Amino acid sequence: MKNKINLRSSILLLAVLVAAWLAFIPLEGQSAKFSQSAAVILLTLVFWSTGIFPPFLTGLLFFGLAVVLNLIEPNVLFSGFSSTAVWLIVSGFVIGAAISNSGLGRRLAAFIAPHVTKSYAFLIGGLVLSAVLLGFVMPSSVGRAVVLVPIGMALADRVGFIHGSNGRLGIATSLAIACNMPSFAVLPANIPNMILAGASENLYGIDFGYTEYLWLHFPILGIVKSAVLVWIVLRIFPDEIVTPTSDELQQVEITPTERALQKKTSVLLGITLLFWMTDSWHGINPAWVGLFTAVFLLLPKWGVVQPKEFNQSIDFATIVFVASALGLGALVNSSGIGTAMGNEFAQLLPSSEDSSFLSYMALSVGAALTGLVATIPGVPTVLTPMAGDFAQITGFSLPIVLMTQVVGFSTIVFPYQVGPLIVAMQLSREPLRQLLRITIPLAVITVVFLMPLDYLWWRLIGWI
């Protein structure tokens, strides 16, 4: 423990010294604003990664430094608060509170418990499979977490996993990750996928089809990675279930008031799911669908979540954190740091005369490393405009270069890189730091084993 504290202190001291040097001694060939932006970004990322401050406090510090140093226009810096991602999180918290407060989560848990509580491994595997399948019909990681996490936590209660226990942490972390990472392999299921698809069409006229995208990515990034996730969770958070009888599991005391609240919640949730699943038809963003659902759930007298409970339902610290992460991505782009990163990355790429495997790994790992700085939604924004240059250097076709971004931005190391992980852990009410015990080994296994396996799959189907 003492060694861990000393290491964190050393990292923090080094980061502060480097940031101070960047702030007062501009990099050669770069403006003072570029160097100051790099200093602020470095401090923010290190503070988030080490957890020296609560994530929201680091986010506020980032906002303050960026404004005082005049690094970016305030309307761009704070644009995260008006983004669909933040409003989807707000509505997600309200929907999650309705599922929990009405007892619907407990009732659903009682219904499915006899089918998934045969063993702890069966429970984790079943929840991960449910999250993966839901990714095909619900185009929102936050939405999937809002539906599944309360049910998962209710299941944890029913099988006796108390707060902080390995079993409860296993359920929380597996659902948080399964609601997000495997869905990078399903085209409309996550925001970065859609950013990449839109940028590819606008910049290069390349349109990726649903089936083509799924066939290319889902076997490894969806199926195999989910299996690896289950294995890691079982190893990191081992536990056992003392299974009650089926009759005991299904006994749920429901008062007439709870029955009415559950009926309202079920109807609204069903309508919301229907609109989320058909967004490609009606064109209404999932965030605005969720917002209207939240309004109905909060209506005085009729709603499920009382208006006075709104403050307890919404975790404003999480909203600040997610908005600051989006603001950091905006600063990376506006300051020119994203472009500079891409140019430096291009210098490190193997030439077309080298192995195609090395080029594939360089592009994929480079996209993953870009996500550490630009956050995951920022990866396609930073790298897609440079895809033509990368293709010329590596000898790959443009579609291959673009698709390596998916391999990269689906490799997540720290929770700050993607907001839905933060929201899912907040809904579970388990410590966010526990997620690192899964994301770090999963990222290592992805780079060492799954990326090469994905390359072999691409070779097998004739993509490379």
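**Note on the predicted model**

1. Trp 87 has a relative accessibility of 32% and therefore counts as partly exposed, since that class lies between the limits of under 20% for buried and over 50% for exposed. The residue belongs to helix H5, which covers residues 84-101. The structure discussed here is a predicted model, and the points below should be read on that basis.

2. Trp 87 takes part in a nonpolar patch on the surface, together with Val 267, Ile 271, Leu 274, Phe 275, Ile 284 and Trp 288. The area of this patch is about 600 Å². Which helix gives the largest share of the nonpolar patch? Helix H13, residues 256-277, does so with 4 residues.

3. The salt bridges deserve a separate point. Their count in the model comes to 2. In one of them, the side chains of Asp 157 and Arg 168 meet at 2.8 Å, N to O. This pair links distant parts of the chain, with Asp 157 in helix H8 (residues 141-158) and Arg 168 in helix H9 (residues 166-178), 11 residues apart. As general background, side chains of opposite charge can pair when their charged atoms come close.

4. Arg 168 also forms a salt bridge with Glu 430, where the N to O distance is 3.2 Å. Here the partners are 262 residues apart: Arg 168 is in helix H9, whereas Glu 430 is in the loop between helix H23 (419-428) and helix H24 (436-460). Salt bridges with shared partners thus join Asp 157, Arg 168 and Glu 430 into one network.

5. Is Arg 168 buried or exposed? Arg 168 counts as buried because its relative accessibility is 10%, and the cut-off for that class is under 20%. Glu 430 is buried as well. Arg 429, in the loop between H23 and H24, is by contrast exposed, with a relative accessible area of 62%. Arg 429 also has a positive phi of about 60°, although it is not a glycine.

6. Two further residues with positive phi may be checked in the model. Asn 70, which is not a glycine, has a phi of about 55°. Asn 70 sits in the loop between helix H3 (55-68) and helix H4 (74-77), and its relative accessible area of 47% makes it partly exposed. Thr 375, just after H19, takes a positive phi of about 65°.

7. Helix H19 runs over residues 356-374 and has 19 residues. From its first C-alpha to its last it reaches 26 Å, close to the 27 Å expected at 1.5 Å a residue. The buried residues of H19 include Ser 359, Tyr 360, Met 361, Leu 363, Gly 366, Ala 367 and Val 373.

8. Ala 367, in helix H19, has a relative accessible area of 1% and is therefore buried. What does Ala 367 touch, not counting residues up to four places away in sequence? Its contacts are Val 379, Leu 383, Thr 404, Gln 405 and Gly 408. Ala 367 and Phe 409 are 42 residues apart in sequence, and their C-alpha atoms are 6.1 Å apart in space.

9. The largest nonpolar core has 149 residues. Within this core, the residues with the most contacts are Ile 171, Phe 390, Met 403 and Trp 458. Leaving aside its neighbours within four places in sequence, Phe 390 is in contact with Gly 342, Phe 345, Ala 346, Leu 349, Leu 363, Leu 383 and Val 401. Leu 383 is also among the residues touched by Ala 367. In soluble globular proteins, nonpolar side chains tend to be buried together.

10. Ser 226 is a polar residue to inspect alongside these. Ser 226 is placed in helix H11, residues 210-236, and counts as buried because its relative accessibility is 8%. Outside the residues up to four places away in sequence, Ser 226 touches Val 128, Val 132 and Pro 182.

11. A final point concerns Ile 162, in the loop between H8 and H9. Ile 162 is exposed, since its relative accessible area is 60% and the limit for that class is over 50%. Ile 162 and Asp 315 are 153 residues apart in sequence, with a C-alpha to C-alpha distance of 22 Å.

Key. Residues are numbered from 1 along each chain as its sequence is written. This is a predicted model: local features need pLDDT of at least 70, side-chain atom pairs count only at pLDDT 80 or more; totals for chains, interfaces and linings use all residues. Side-chain values use heavy atoms; hydrogens and water are left out. Helices (H or I, at least four residues) and strands (E, at least two) are DSSP runs, numbered from the N terminus. Buried means under 20% relative accessible area, exposed over 50%, partly exposed in between (1.4 Å probe, protein chains only). Contact means heavy atoms within 4.5 Å. A salt bridge is a side-chain nitrogen of Lys or Arg within 4 Å of a carboxyl oxygen of Asp or Glu. A nonpolar core is a set of buried Ala, Val, Leu, Ile, Met, Phe, Trp, Tyr and Cys residues joined through side-chain atoms within 4.5 Å. The expected span of a helix is 1.5 Å times one less than its number of residues. Patches are made of residues with over 30% relative accessible area and no salt bridge: like charges are joined within 9 Å, nonpolar side chains (Val, Leu, Ile, Met, Phe, Trp, Tyr) within 5 Å. Accessible areas come from the Shrake-Rupley method with a 1.4 Å probe; for residues, only the protein chains shown count as cover.
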